[in-house]
Amino acid sequence: MTIQLQNINKAYGKKPVLHDVNLEIQTGTFVMLRGRSGSGKSTLLNIIGGIEPTTSGHVIIDNKDISSLKPKERTDFYRHKVGFIFQGFYLQPQLTIGENIALMGVFAGMPKKDREARALELAKQLGIEQVLDHKPAEISGGQAERACAARALFMHPEIILADEPTNNLDPDNARNVIEMLKQIWQSTGATVIVASHDAMVEQYAQQVIMVEDGRATVAQ
């Protein structure tokens, strides 16, 4: 599922964040968006993932201009095609880990039995089946990260986006998270895009896109 960004511009009010970004990301690659805090890399990731609209320009995914879709079509597209691993986890505190993982299935109208089976399958793959009945406050940071990854994988997405997944982690846990993403990438064949300022991530990436002052260039 090729991703093309054509003449992407983004501004918040009068403050420009992205300037005339043109990129192509090939299907099944492990990509790093690398840049300092405030460079625009997370905004670019959010635009690819449909969380933020562009000010101008086009997002083409699988030869489909996402910006031209009607709201419901756009929501359905992203729900089934894209999985997002958010910075800071964003697990719902009132739900169990199993319920958090299965949340996308609720939105998609999947029967409860099927949701629970899929959540258990993913939890086993990621080694967190023992905490499915726990609340987020009762598990470790590493388990929470894996729960977020399981939630992102729930709908069998073809694109997985991760925003600063190693932020505030010690080196060992940071490497564990990136190894997890590598394993997911290898086992699913999905396109994985990681926005990060962590130089370690570059060791895993097939393509590195430098984001600086709102401009994006492919590193040689």
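Helices α5 and α6 pack at an angle of about 135°, and their axes sit 10 Å apart. That angle falls between the cut-offs of 115 and 145 degrees, so the two helices count as oblique to each other. Keep in mind that this is a predicted model. Below, we go from the helix pairs to the cores, and then to a few single residues.

**How the helices pack**

- Two packed helices are described by the angle between their axes and the distance between the axes.
- The crossing of α5 and α6 is right-handed. On the α5 side, Arg 118, Leu 122 and Leu 126 make the contact, and on the α6 side it's Arg 146, Ala 149, Ala 150 and Leu 153.
- Now take α6 and α7: their axes come within 11 Å and cross at roughly 20°. Angles under 35 degrees count as roughly parallel, so that is the label for α6 and α7.
- α6 passes α7 in a right-handed crossing too. Glu 145, Arg 146, Ala 149 and Leu 153 of α6 meet Asn 176, Val 177, Met 180, Ile 184 and Thr 188 of α7.
- Arg 146, Ala 149 and Leu 153 of α6 turn up in both contacts, the one with α5 and the one with α7.

**The nonpolar cores**

- Which residues touch the most other members of the largest nonpolar core? They are Phe 30, Ile 85 and Ile 101, out of 41 residues in that core.
- Several elements give two or more residues to this core, including the strands β3 (30-34), β7 (159-163) and β8 (191-196). Helices do so as well, among them α3 (97-101), α5 (112-126), α6 (141-153) and α7 (171-188).
- Phe 30 has plenty of contacts beyond its sequence neighbours: Leu 181, Lys 182, Trp 185, Val 192, Val 194, Tyr 204, Ala 205, Gln 206 and Gln 207.
- There's also a second, separate core of 29 residues, and its members include Ile 8, Val 17, Leu 45 and Val 211.

**Helix α1 and the loop after it**

- Is α1 enclosed or open to the outside? It is largely enclosed by the rest of the structure, because 7 of its 8 residues are buried.
- Those buried residues are Lys 41, Thr 43, Leu 44, Leu 45, Asn 46, Ile 47 and Ile 48.
- Just after α1 comes Gly 50, with a positive phi of about 80°.
- Glu 52 is in the loop that runs from α1 (41-48) to β4 (56-61). Its relative accessibility is 18%, so Glu 52 counts as buried, the cut-off being under 20%.
- The side chain of Glu 52 makes polar contacts with two other side chains, those of Tyr 12 (2.4 Å) and Asn 46 (3.2 Å).
- Leaving out residues up to four places away in sequence, Glu 52 touches Lys 10, Tyr 12, Thr 43, Asn 46 and Ile 47.

**Positive phi outside glycine**

- Asp 62 isn't a glycine, yet it has a positive phi of about 55°. You'll find Asp 62 in the loop between β4 and β5 (64-65), and it's partly exposed, at 44% relative accessible area.
- His 156 is another non-glycine residue with a positive phi, near 55°. His 156 lies in the loop between α6 and β7 and counts as exposed, at 54% relative accessibility.

**A spot on α7**

- Glu 179 lies in helix α7 and is partly exposed, with a relative accessible area of 30%.
- How far apart are the C-alpha atoms of Glu 179 and Tyr 204? They're separated by 8.5 Å, with the two residues 25 apart along the chain.

Technical notes. Residues numbered from 1 in each chain as written. Predicted model: local features only at pLDDT ≥ 70, side-chain atom pairs only at ≥ 80, totals over all residues. Heavy atoms only, no water. Core = buried A, V, L, I, M, F, W, Y, C linked by side-chain atoms within 4.5 Å. Buried < 20%, exposed > 50% of the residue type's maximum accessible area, 1.4 Å probe, protein only. Helix = DSSP H or I, 4+ residues; strand = E, 2+ residues; numbered from the N terminus. Contact = heavy atoms within 4.5 Å. Polar contact = N/O pair within 3.5 Å; in protein donor to acceptor, adjacent residues only side chain to side chain. Axes fitted to C-alpha atoms, helices over the stretch in contact; angles between N-to-C directions. Parallel < 35°, antiparallel > 145°, perpendicular 65-115°, else oblique. Left-handed = near helix turned anticlockwise from the far one by under 90°.
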